[in-house]
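Got your viewer open? Load the model and keep the selection box handy.

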Amino acid sequence: MRIDVLTLFPEMFESPLDCSILKRAQDKGIVEIALTNIRDFATDNYRKVDDKPYGGGPGMVMMPGPVFDCFEYVRKLAPQKGPVILLTPQGQKFDQEKALRLSAEKRLILISGRYEGFDERIRIGLDADQISIGDYVISGGELAAMVIIDAVVRLLAGALGDEDSPKDDSFSAGLLEYPQYTRPEVFRGMKVPDILLSGDHAKIAQWRRRQALQRTEQLRPDLLGESKDKEKK
Ligand code: ADE
């Protein structure tokens with residue numbers, strides 16, 4: 001997969017992309033991630049990329065010119081096609097299902113905005129999807145793009161050490177994950193449940209499933225309404 005990010009702050013991505021799973025996935029050639037600075041496509045001497053909103057109001061709006069020029073440059077960097085995604089609190093809410101869908105694409109082009117938002121002609125002209133990472137406002141789309149990159153890349157084949165781990169993640173079966181334990185067997189008086197020490201894999205699987213259901217019921221009952229496993233409850 002190739003992921004292009006159009007941003008005014010490419011330096012914000014450096015450390016997250018240079019650690020752990022994202023670094024390893026790039027080193028192994030599973031994903032190629034390219035950052036392009038929208039400001040490099042400003043046309044005036046001040047490298048201006050935003051302006052006051054028509055009709056008045058607070059804040060500044062990202063101008064269409066630099067974003068379009070940057071996009072047209074980036075698109076030609078590679079032959080693969082894929083969705084163009086604007087990060088904005090007005091977008092559809094990101095979740096594990098969307099991450100899975102995006103992980104099947106050959107390419108993603110993510111556009112991170114700053115200021116009060118994008119000139120509407122950016123969304124229309126680039127035929128872009130809009131994604132939000134949640135019902136709150138952060139200072140720009142960069143952190144949102146990083147969340148999406150991380151959630152998508154860890155689903156790509158070979159990105160995680162243990163091939164089985166993503167399917168057990170919270171949400172992947174529409175449920176939260178079951179409780180996990182590691183050594184020591186007793187920690188500050190709290191003991192690992194006997195069943196996990198029994199070696200009986202069928203019983204363990206059954207226990208984990210029950211725990212996942214119980215936990216979801218307790219902490220996120222809204223998920224059970226959506227769970228594909230609901231009827232098996
Ligand atoms: N930019 C600002 N807030 C955002 C959010 N919640 N999701 C995506 N992009 C954003």
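Here is a short tour, strand first and ligand second.

This is a predicted model, where local features need pLDDT of at least 70, side-chain atom pairs count only at pLDDT 80 or more, and totals for chains, interfaces and linings use all residues. Numbering runs from 1 along each chain as its sequence is written, and side-chain values use heavy atoms, with hydrogens and water left out.

**Stop one: residues 2–7.** Select strand β1 (strands are DSSP E runs of at least two residues, numbered from the N terminus). Six of its six residues are buried, so the rest of the structure largely encloses it; buried means under 20% relative accessible area with a 1.4 Å probe, protein chains only. Show side chains: Arg2, Asp4 and Leu6 point one way, Ile3, Val5 and Thr7 the other.

**Stop two: the neighbours.** Add residues 32–37, strand β2, which pairs with β1 in the parallel sense over six bridges (pairing takes at least two DSSP bridges). Val5 has Leu35 as its bridge partner there. Now add residues 107–112: β6 is also parallel to β1, over five bridges, and Asp4 is partnered with Ile109.

**Stop three: the ligand.** Which backbone atoms should you label around the ligand's nitrogen atoms? Try a backbone N or O of Thr88, 3.2 Å from a ligand nitrogen, then a polar backbone atom of Gly134 at 3.2 Å and one of Ile138 at 3.1 Å. Protein covers 96% of the 260 Å² of accessible area that the ligand has on its own (Shrake-Rupley, 1.4 Å probe). Finally, colour β5 (84–93), which gives the most to the surrounding shell, three residues.

Conventions. Buried < 20%, exposed > 50% of the residue type's maximum accessible area, 1.4 Å probe, protein only. Helix = DSSP H or I, 4+ residues; strand = E, 2+ residues; numbered from the N terminus. Polar contact = N/O pair within 3.5 Å; in protein donor to acceptor, adjacent residues only side chain to side chain.
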